[in-house]
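Thank you all for coming; I would like to use these few minutes to walk through one structure with you. Please have a look at it first, and then I will take you through its empty spaces, its cysteines and its aromatic rings.

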Amino acid sequence: MTPKGRVFSGARPTGRQHLGNYLGAIQNYVALQDEYECIYCIVDLHALTTLESTEDLRQNSVEMALDWLAAGIRPEETIMFIQSQVPEVTELHTILSMVTPLGKLTDLPTFKEKVRQQPHNVNYGLVGYPVLMTADIVLYKANLVPVGVDQAPHLEFAREVVRSFNYRFKTNVLIEPEMISTEYPKVIGIDGVQKMSKSLNNHIELAATPAETRQKVMQMVTDPQRKRRSDPGRPEVCNVFSFHKVFSTPQQVQEIDRECRIAGIGCVDCKKILVENLNRHLEPFRHRRAELSRDPQFVLDVLQNGKERAALIARQTMAEVRDAVGLP
Ligand code: TYM
């Protein structure tokens, strides 16, 4: 382990990543590589809890891996792998479930939300989702977990499970992880209200073409009180403005802030500036992604290599866990 420690994070293979994943998580994944040993995981088993069909699962994992690589994940140092390829995590999930009170799981806001979203499919795996997530983190002995704020209840839960396990088995084999977020922990979708998410179809993909990006931005909901061009706007409640703060220059942000308030600039022109800046910002990413896609074997090799390196750590931890629990 490096002196500073180990980072672990995961994301469900939902295919091409969107600006929410990028600003909430991937940017941090990339930056943390400079100081920590990093492990990034494509959590396909977690994806099974919500999928109706698994037809695109493999392809979606590859698309996501391409996005990570294009965004700057360096596979020579960082381990990038697919969760189900290191099956020790399922064994640890079972063991951790024995120190997890059921009521804690069903009380989690994330579980309640899923029950609302898919009342026809409240499966056993869905209840245990946070236990599997805890198993991910502790199997690789990570001390830092970069995620968006939507994952905060899961992280707090993971810390409790670690404490229960270590107490019950009088050990310190498992490490209590800490969460870290970016400056943009919750990115709102183009509807201007809900968290950006593929399932809500309110997202903008990183790998979208400039024309697709333009189309999405032009659809973005702005300040709902600004009905006419001549109405003054309120940048502080406008989602377009929150993207300007990330992708536009400080001078442009200042100007838009001032002009919007006096109706000096309309929403259409404001969006056009954002489109230009967003496309400029994403151009190197898109170029690199196109290059990587030309060699499909490369990403498969990266995932294979990641699997082998991850498995070494997983086997070691499981030997310690079995010993602590008293399993033969
Ligand atoms: P998932 O697949 O929903 O999302 C992946 C990452 O993207 C972040 N994110 C966002 N951040 C800000 N604004 C948004 N609109 C937005 N949408 C997504 C998420 O916070 C997350 O960091 N349970 C996890 C996956 C997981 C995991 C783990 C994470 C499984 N095991 C172990 C860390 C460690 C999830 O569903 O992420």
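What follows is a short tour in three parts, and please keep in mind throughout that this is a predicted model.

Let me begin with the enclosed space. Rolling a probe the size of a water molecule over the atoms shows where empty space is left. When the whole structure is searched in this way, one cavity of 30 Å³ or more is found, and the space inside this largest cavity comes to about 110 Å³. Its lining is made up of 15 residues, and those nearest the centre are Arg226, Cys238, Cys260, Cys267 and Cys270. If we sort the lining by class, we count nine nonpolar, two polar and four charged residues. Three helices, namely H11 (239-247), H12 (250-261) and H13 (267-293), each contribute at least two residues to that lining, and H13 contributes the most, with three.

With several cysteines around one centre, you may be wondering how many disulfides a search of the whole structure finds. The number is zero, and two of the cysteines at the cavity deserve a closer look. For Cys260, the closest cysteine sulfur is that of Cys238, and because the distance is 6.4 Å, the two are too far apart for a bond. Cys270 is likewise in no disulfide, its nearest cysteine sulfur, again in Cys238, being 6.1 Å away. As for their surroundings, Cys260 has a relative accessible area of 11% and is therefore buried, and Cys270, with a relative accessibility of 11%, counts as buried too.

Staying in this region for a moment, I would point out helix H11, whose buried residues are Asn239, Val240, Phe241, Phe243, His244 and Phe247. The elements that cover these buried residues include helix H1 (19-32), H12 and H13, and H12 and H13 are also helices that supply residues to the lining of the largest cavity.

Now to an open space, the second largest pocket, which has a volume of about 350 Å³. It is lined by 17 residues, with His93, Tyr124, Gly125, Val127 and Gly128 lying nearest its centre. Two or more lining residues come from each of helix H4 (88-97), helix H5 (102-107), helix H7 (124-127) and helix H8 (129-139), and H4 has the largest share, with four residues. By class, this lining holds eight nonpolar and nine polar residues but no charged ones, whereas the lining of the largest cavity has four charged residues.

My last topic is the aromatic rings. A pair of aromatic rings is described by the distance of the centres and the angle of the planes. The count here comes to seven aromatic pairs. In one of them, Tyr40 and Trp68, the ring centres are 6.3 Å apart and the planes lie at 70°, so this pair is edge-to-face. Since Tyr40 sits in strand S2 (residues 37-42) and Trp68 in helix H3 (residues 57-71), the pair ties together parts that are 28 residues apart in sequence. Are these two partners buried or exposed? Tyr40 counts as buried, because its relative accessibility is 0%, and Trp68, also at 0%, counts as buried as well. Elsewhere, Phe8, Phe81 and Tyr140 form one aromatic cluster.

That is where I will stop, and I am happy to go back to any part of the structure.

Definitions and conventions
Residues are numbered from 1 along each chain as its sequence is written. This is a predicted model: local features need pLDDT of at least 70, side-chain atom pairs count only at pLDDT 80 or more; totals for chains, interfaces and linings use all residues. Side-chain values use heavy atoms; hydrogens and water are left out. On a 1 Å grid over the protein atoms alone, a cavity is a set of points where a 1.4 Å probe fits but cannot get out, and a pocket is an open set with protein on both sides within 12 Å along at least five of seven lines; lining residues have an atom within 4 Å of a point. Grid points are joined across faces, edges and corners, and a volume is the space filled by probe spheres set on the points. Ala, Val, Leu, Ile, Met, Phe, Trp, Tyr, Cys and Pro count as nonpolar, Asp, Glu, Lys and Arg as charged, and the others, Gly among them, as polar. A disulfide is a pair of cysteine sulfur atoms within 2.5 Å. Buried means under 20% relative accessible area, exposed over 50%, partly exposed in between (1.4 Å probe, protein chains only). Contact means heavy atoms within 4.5 Å. Rings of Phe, Tyr and Trp (its six-membered ring) pair if their centres lie within 6.5 Å; planes under 30 degrees apart count as stacked, over 60 as edge-to-face and the rest as tilted.
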